[in-house]
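User: I'm new to reading protein models and I'd like to go through one step by step. Could you take my questions in turn?

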Amino acid sequence: MMIIGNRDELIQATQEIVRIASVKDASAGEGKPFGEGIARALEYALAKGRELGFKTENFSGYAGHIEFGEGPETLGVLCHLDVVPAGEGWSMDPFGGEIIDGKLYGRGTIDDKGPAMAVLYGLAALKDSGWQPRRRIRIILGCDEESGWDCMHHYLPIAGKPEIGFTPDAEFPVISSEKGILMVELSGALQCPKGIELVDIQGGNRPNMVPDRCRVKLRGIEDEGLLVKTATKIGAKMDLERDESGITMVFKGVSAHGSMPETGVNAISYALAMLHHLGFEQGIINFLYEHIGFSHDGRGLNIEVKDAFGPLTANTGVISLEDNRVKVLVDIRYPVSFTQEQILDRLTAGLSADVTLLSHGGKGPLHVDGDSQLIQILQRVYEKHTGEEAKLISIGGGTYARALDNAVAFGPVFPGQTELAHQPDEYISVSHLVKLAEIYGEAIAKLGRPGRD
Ligand SMILES: [Zn+2]
């Protein structure tokens, strides 16, 4: 059993890097493509790497790596140092790195700066024990994982793709498959019922989030009581605002990750249901109500499919109105046995004539065979450290594993733990952090020097 000798340094480094608010911002010039905070976090991690005796390289601020050893192949451990904005609802300082009752709080503690530091100190403990790899080890520190992955698009062509890897950025035990991601933009002409004008509809910020707000502004309705009664009837949480230009209904939902739409409450669905009840029975609003409504399995869009790894999910993440056309962004996660073309073909066949597929984009599914060396080793490491069976799981989220040809997500969240990534009061317990350093250190030991147990 490997002992983490520098436990206190690991905790301190995690606190310090959490205190750097590495939220994406406009470029701050040369070497800082994602802004000042992210550049500082990357420099901090690389400096720690050098302090611990490793070689480091900064790839123009897009990403960096911390390297140990030589070998014909490279083992890449893909972490990221950028974080999503703190958001509302914190009872702690999101960039304070405080420890209370054994919990280290802050944005990025579990996603993904804490795991990144655990990997670094796990590798340091290995090196200090005299261990030598047969594969070159690279801890790759991406800086744009939460947005467009421009970090990996810049880094991989220059540094090369590691032949094998894992990413500590999802869940344990081992994620052997990730659904395909398909983002589609649908649009259609607005048609209002007689006497009512839909002045505006705006909901959600990003397709990959379940929208917790949708604002609908109407003209031509005077009876606020009718709106309140209808909201009650459809089970909507709604506030009313009134000014001289009309009534605005603000629908409230519960935010969640777009790959798990069933765990949130979609505010756009309630807005569509309200409009339907008010007589919007034609055009795009009617289509969206009838074909998406409250469902998140793609059934009304002709794409309700599933395989042994689970069902397709669809999240209506954003709705907007411009030039009398309503546009929605739908985030579709399809099972690994389907291709993007198959899903698109089914989807276009299911659209009515007056609805247009404006654009689409996405990432293909990922599947690594359960018999592969990568999965077998990670399963053994997990079982040894937890005493639990290392089941293979499938997720809808997209991790960095997709950036390589032979990589999977491995941790950091244990089965049964609450998912705190992107939530207020995100934390990692100190014991969890130390455990991660042990597990990741051993995973690197076994993958970096395969063939010996
Ligand atoms: Zn992450």
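**The zinc site and beyond**

User: What makes the arrangement of the 4 donor atoms around the zinc ion regular or irregular?
Analyst: Keep in mind that this is a predicted model. Four donors count as tetrahedral if all angles lie between 85 and 135 degrees. Here the 4 donor atoms around the zinc ion subtend angles of 53 to 143°, so the arrangement is irregular.

User: Which protein atoms are the donors of the zinc ion, and how far from it do they lie?
Analyst: H80 gives its NE2 atom, D111 gives an OD atom, and D169 is listed with OD twice. Along the chain, the donors follow the spacing H-x30-D-x57-D. As for the distance from the zinc ion, the donors lie 1.8 to 2.6 Å from it.

User: How many residues apart are H80 and D169?
Analyst: H80 sits in strand β3 (residues 74–80). D169 is in the loop between β7 (164–167) and β8 (170–171). The pair links distant parts of the chain, and the gap is 89 residues.

User: Is H80 buried or exposed, and what is its relative accessibility?
Analyst: Buried means under 20% relative accessible area. D169 counts as buried at 14%. H80 counts as buried too, because its relative accessibility is 0%.

User: Which strand does β7 join through 3 bridges, apart from β3?
Analyst: β3 and β7 run parallel and are joined by 3 bridges, with L75 having I164 as its bridge partner in β7. On β7, I164 and F166 point one way while G165 and T167 point the other way, and all are buried. T167 stands opposite A409, and the strand joined to β7 by 3 bridges there, also running parallel, is β22.

User: Which are the edge strands of the open sheet with β4, β5 and β24?
Analyst: The order of the 3 strands is β4-β5-β24, with antiparallel pairing. β4 and β5 pair over 2 bridges, and I100 has K103 as its bridge partner in β5. An edge strand pairs on one side only, and that gives β4 (99–100) and β24 (427–429).

User: How far apart are the end C-alpha atoms of helix α10?
Analyst: Helix α10 covers residues 430–448, and 16 of its 19 residues are buried, so the helix is largely enclosed by the rest of the structure. At 1.5 Å a residue, the 19 residues should span 27 Å. The model agrees with that, since the end C-alpha atoms are 26 Å apart.

User: How many aromatic pairs are there, and what is the angle between the planes of F34 and Y62?
Analyst: The count comes to 15 aromatic pairs. One of them is F34 with Y62, at 5.4 Å centre to centre. Planes over 60 degrees apart count as edge-to-face, and this pair is edge-to-face with an angle of 85°.

User: What does the pair of F34 and Y62 tie together, and how far apart in sequence?
Analyst: F34 lies in the loop between α1 (7–18) and α2 (36–51), and Y62 in the loop between β1 (55–59) and β2 (63–68). F34 is buried at 4% relative accessible area, whereas Y62 is partly exposed at 25%. So the pair ties together parts of the chain whose separation in sequence is 28 residues.

User: Which helix holds Y440, the partner of F410?
Analyst: F410 and Y440 form an edge-to-face pair, 6.0 Å centre to centre with 65° between the planes. F410 lies in the loop between β22 (407–409) and β23 (412–413), and the pair ties together parts 30 residues apart in sequence. Both residues are buried, and the helix that holds Y440 is α10.

Notes: Residues numbered from 1 in each chain as written. Predicted model: local features only at pLDDT ≥ 70, side-chain atom pairs only at ≥ 80, totals over all residues. Heavy atoms only, no water. Helix = DSSP H or I, 4+ residues; strand = E, 2+ residues; numbered from the N terminus. Expected span 1.5 Å × (residues − 1). Buried < 20%, exposed > 50% of the residue type's maximum accessible area, 1.4 Å probe, protein only. Phe/Tyr/Trp six-rings, centres within 6.5 Å; stacked < 30°, edge-to-face > 60°. Donors = N, O, S within 2.8 Å, 3.2 Å for Na, K, Ca; no water. Tetrahedral: all angles 85-135°; square planar, octahedral: opposite > 155°, others 65-115°. Pairing = 2+ DSSP bridges.
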